[in-house]
Amino acid sequence: MSYSRILGTGSYLPAQVLTNVQLAERVDTSDEWIVARTGIHARHIVDAQDKTSDLALRAAEAAISSAGIDKHEIDLIIVATTTPDMLFPSMACILQEKLGLPSIPAFDVQAVCAGFIYALATANSYVKSGLAKKVLVVGAETMSRLLDWNDRRTCVLFGDGAGAVIIGASDQPGILHAKLAADGRYQSLLNTPAHIADGQIQGHPYLYMDGPAVFKFAVKALSDIAVKTLNEAGVDKSQVDWLVPHQANLRIIEATAKHLGLPMEKVVVTLGQQGNTSAASIPLALDHAVRDGRIQRGQTLLLEGIGGGFVWGAVLLTF
Ligand code: ACO
């Protein structure tokens, strides 16, 4: 078997919804400003008793069910998250225990909003090299717990959720090409620069972002990597059926689609009701469009994302 394919998708959103109008009662903002600048209308917020791993578990169970496999066939778990339950053990270990799959390898990937792309590219390498046959790849976040709810520049942008896929070995074409990039020189533009020392939190423990600088970099980086990924795979942009981008800002998504010459009818957009769910946003969007019937087997998908670091990447695949 020479390919790795997506066998199934799943996702989970917490029930609690926070609208822009409700947010404007807490912080100096407005529905009009948020919608005009970002395209976001509402976001889901995790219940107080839930941890990121609980969201991950529900998304993983949905993906296992959609793939039609027995969970014991999974031989590797990779979780992309910026908001793990704790510093260690990893989310992947916690999820492995919750799924009842002792002894299979499990590890986390930290690439913020590009985390799912990094995790998917890693899973692809494991499957293609024969090191794994069925991989559970999850992107799960509780970004609401990383936000300063008095900072209107960031708290309006993010939401919570989880998405998952099962990747399996196949003789049918699946993942065609994956391309990753990083540039640590930009780490000061988007970060949460805190750590623990001497039993105390040291540094700023909330998400910080220089929005306009991130915006500018994101449009160029995403446009460039999309073109490079297509060129290296020998696939023309006209062959792309769906762009499934990281859901950070509608204006970034529109600019990237325009650069690729893709009409917005070919772009999956979920951020309006979900906000930016970081590593969860791409698998959430993917699952959404699979379940509502837009994405069909055999179609060509281009997934892409960017996050703090900067880290960015794209995956081209036949669904
Ligand atoms: N409500 C009302 N006014 C606001 C708000 C708000 N929520 N936030 C900022 N403003 C004000 C600012 O204070 C500023 O006012 P001033 O001119 O008086 O100083 C004005 O609005 C314009 O602010 P900008 O930051 O320049 O607004 P911009 O149009 O750039 O939009 C935004 C900000 C939405 C954050 C945008 O820059 C963006 O989306 N950036 C990219 C985000 C992104 O892609 N992140 C990706 C990765 S996320 C990750 O990795 C975790």
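Trainee: Contact means heavy atoms within 4.5 Å. With that in hand, which residues of helix 7 meet helix 8?

Mentor: This is a predicted model, keep that in mind. From helix 7, Phe-215, Ala-218, Val-219, Leu-222, Ser-223, Ala-226, Val-227 and Leu-230 take part. Their partners in helix 8 are Arg-251, Ile-252, Ala-255, Thr-256, His-259 and Leu-260.

Trainee: What classes do the residues of that contact fall into?

Mentor: Between helix 7 and helix 8, 10 are nonpolar, three are polar and one is charged.

Trainee: OK. At what angle do helix 7 and helix 8 pack?

Mentor: About 35 degrees, and their axes are 9 Å apart. Helix 7 covers residues 211-233, helix 8 residues 250-260.

Trainee: Is the crossing of helix 7 and helix 8 left-handed or right-handed?

Mentor: Right-handed.

Trainee: Now helix 3 and helix 4. At what angle do their axes cross?

Mentor: Roughly 60 degrees, and the axes come within 10 Å. Helix 3 is therefore oblique to helix 4. Their crossing is right-handed.

Trainee: Which residues make the contact between helix 3 and helix 4?

Mentor: Helix 3 brings Thr-52, Ser-53, Asp-54, Ala-56, Leu-57, Ala-60, Glu-61 and Ile-64. Helix 4 brings Met-91, Ile-94, Leu-95, Lys-98 and Leu-99.

Trainee: How many of the residues in the contact of helix 3 with helix 4 are charged?

Mentor: Three are charged, next to eight nonpolar and two polar.

Trainee: Switching to the ligand. How many residues surround it, and which are closest?

Mentor: There are 26 around the ligand. The closest are Thr-29, Arg-37, Cys-113, Arg-152 and Asn-249.

Trainee: What does the side chain of Arg-37 do there?

Mentor: An N or O atom in the Arg-37 side chain lies 2.6 Å from an oxygen atom of the ligand.

Trainee: And on the backbone side, how far is a ligand nitrogen from Arg-152?

Mentor: A polar backbone atom of Arg-152 is 2.9 Å from a nitrogen atom of the ligand. For Gly-211, a polar backbone atom is 3.1 Å from a ligand nitrogen.

Trainee: Last topic, odd backbone spots. What is usual?

Mentor: Most peptide bonds are trans, and most residues other than glycine have a negative phi.

Trainee: Where is Pro-89, and what kind of peptide bond joins it to Phe-88?

Mentor: Pro-89 sits in the loop between strand 4 (76-80) and helix 4. The bond from Phe-88 is cis, with omega about 5 degrees.

Trainee: What about the bond from Gly-309 to Phe-310?

Mentor: Cis as well, with omega near -10 degrees. Phe-310 is in the loop between strand 14 (300-307) and strand 15 (311-318).

Trainee: And Ser-103, is its phi positive or negative?

Mentor: Positive, about 85 degrees, although Ser-103 is not a glycine. Look for Ser-103 in the loop between helix 4 and strand 5 (106-109).

Technical notes
Residues are numbered from 1 along each chain as its sequence is written. This is a predicted model: local features need pLDDT of at least 70, side-chain atom pairs count only at pLDDT 80 or more; totals for chains, interfaces and linings use all residues. Side-chain values use heavy atoms; hydrogens and water are left out. Axes are lines fitted to C-alpha atoms, for helices over the stretch in contact, and angles run from 0 to 180 degrees between N-to-C directions. Helices (H or I, at least four residues) and strands (E, at least two) are DSSP runs, numbered from the N terminus. Angles under 35 degrees count as roughly parallel, over 145 as roughly antiparallel, 65 to 115 as roughly perpendicular and the rest as oblique. A crossing is left-handed if the near helix is turned anticlockwise from the far one by less than a right angle, and right-handed if clockwise. Ala, Val, Leu, Ile, Met, Phe, Trp, Tyr, Cys and Pro count as nonpolar, Asp, Glu, Lys and Arg as charged, and the others, Gly among them, as polar. A residue is near a molecule or strand if one of its heavy atoms lies within 4 Å of it. A polar contact is a pair of N or O atoms within 3.5 Å; within protein, one must be able to donate a hydrogen and the other to accept it, and residues adjacent in sequence count only if both atoms are side-chain atoms.
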